[in-house]
Amino acid sequence: MQKHPAIIGIFGGIVGTVLVGIAVWLLIAYTGAYNVAASQQHFDPVRWTLDTTRNRSIANRAGGADISETAPESVLSDGARHYAQSCAYCHGAPGEEPAEWSRGMRPEPPHLSEAASEWSKQEIHWIVTNGIKMTGMPAFGAHHSANEIAAITSFVSALPGLTPDDYTRLAGRASGQAEQGSSTPAGSSRDTQPEDE
Ligand code: HEC
């Protein structure tokens with residue numbers, strides 16, 4: 001008799017807390033109270049939760065990728081070409097603004113010339129391979145080879161130190177040269193690449 005009220009109290013408290021949690025969760029989902037419009041920023045607490053979850057999740061999972069510390073110019077050049085084709089319109093590039101429509105995304109894709117310095121090579125490799133859910137950052141691992149992902153990673157981690165001229169040279173878009181076709185198979189592109197300035 002003596003012990004029962006305490007046990008019932010603790011048990012009731014736990015069940016009550018869980019029920020309130022479920023009620024808040026369903027209320028948010030069903031009432032449409034949270035505004036999903038990308039024309040507005042997330043509330044600060046929501047943004048903090050998403051950023052912290054993302055940072056911890058990536059830090060826990062990244063690692064073990066085979067990426068050399070220093071990449072030769074040919075690898076950086078491969079990475080730059082892929083970057084120009086698949087990333088620059090969202091993330092910008094040295095001397096290039098991102099596409100205007102990408103400024104309407106929430107979160108806004110950061111300029112990687114600055115933001116890349118906040119991530120290790122292993123983390124960049126993980127992000128490019130797997131993407132980031134609920135942000136618009138795509139996963140490139142399924143349709144890019146291991147070498148291509150490694151080249152993109154080396155290029156992105158070198159990005160913060162690159163000038164617009166470096167980028168133009170590496171991406172092979174020097175004066176007069178036509179844009180690379182988007183269907184050019186990676187790897188074969190270097191066979192036809194003019195090494196001019
Ligand atoms: C359709 C737009 C889009 C494309 C294309 C895209 N990204 Fe992203 N990327 C994003 C968004 C949005 C984020 C921000 C995620 C966040 O803030 O949580 C992001 C985040 C990142 C980050 C983490 C940077 C940070 O501080 O948040 C890296 C690194 C990255 N992208 C690399 C790339 C690379 C490399 C490519 C091309 C192979 C690429 N992205 C293509 C939208 C894009």
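Colleague: Which residues in the largest nonpolar core touch the most other members?
Modeller: In this predicted model, they are Ala80, Tyr83, Ile152, Phe155 and Val156, out of 24 residues in that core.

Colleague: And which elements give two or more residues to this core?
Modeller: Four helices do: α3 (73-86), α6 (121-130), α7 (146-158) and α8 (164-170).

Colleague: Where does the largest share come from?
Modeller: From α7, with 6 residues.

Colleague: Back to Tyr83. What does Tyr83 touch, not counting residues up to four places away in sequence?
Modeller: Ala88, Ala93, Ile152, Phe155 and Val156. Ile152, Phe155 and Val156 are also among the core residues that touch the most other members.

Colleague: Switching to the ligand. How many residues surround the ligand, and which are the closest?
Modeller: There are 26 around the ligand, and Cys87, Cys90, Pro107, Pro109 and Met137 are the closest.

Colleague: What is the shell like by class?
Modeller: It has 19 nonpolar residues, 5 polar and 2 charged.

Colleague: Which helices supply at least two residues of that shell?
Modeller: α4 (88-91), α5 (112-115), α6 and α7. The most comes from α6, which gives 3 residues. Both α6 and α7 also give two or more residues to the largest nonpolar core.

Colleague: How many helices and strands does the protein have?
Modeller: 8 helices and 0 strands, so the order from the N terminus reads α-α-α-α-α-α-α-α.

Colleague: What percentage of the protein counts as buried?
Modeller: 22% of its 197 residues.

Colleague: And of the contacts between residues at least 6 apart in sequence, what share joins residues at least 24 apart?
Modeller: That share is 67%.

Technical notes
Residues numbered from 1 in each chain as written. Predicted model: local features only at pLDDT ≥ 70, side-chain atom pairs only at ≥ 80, totals over all residues. Core = buried A, V, L, I, M, F, W, Y, C linked by C-beta atoms within 7 Å. Buried ≥ 20, exposed ≤ 12 C-beta atoms within 10 Å, placed from the backbone. Contact = placed C-beta atoms within 7 Å. Near = placed C-beta within 6 Å. Nonpolar A, V, L, I, M, F, W, Y, C, P; charged D, E, K, R; others polar.
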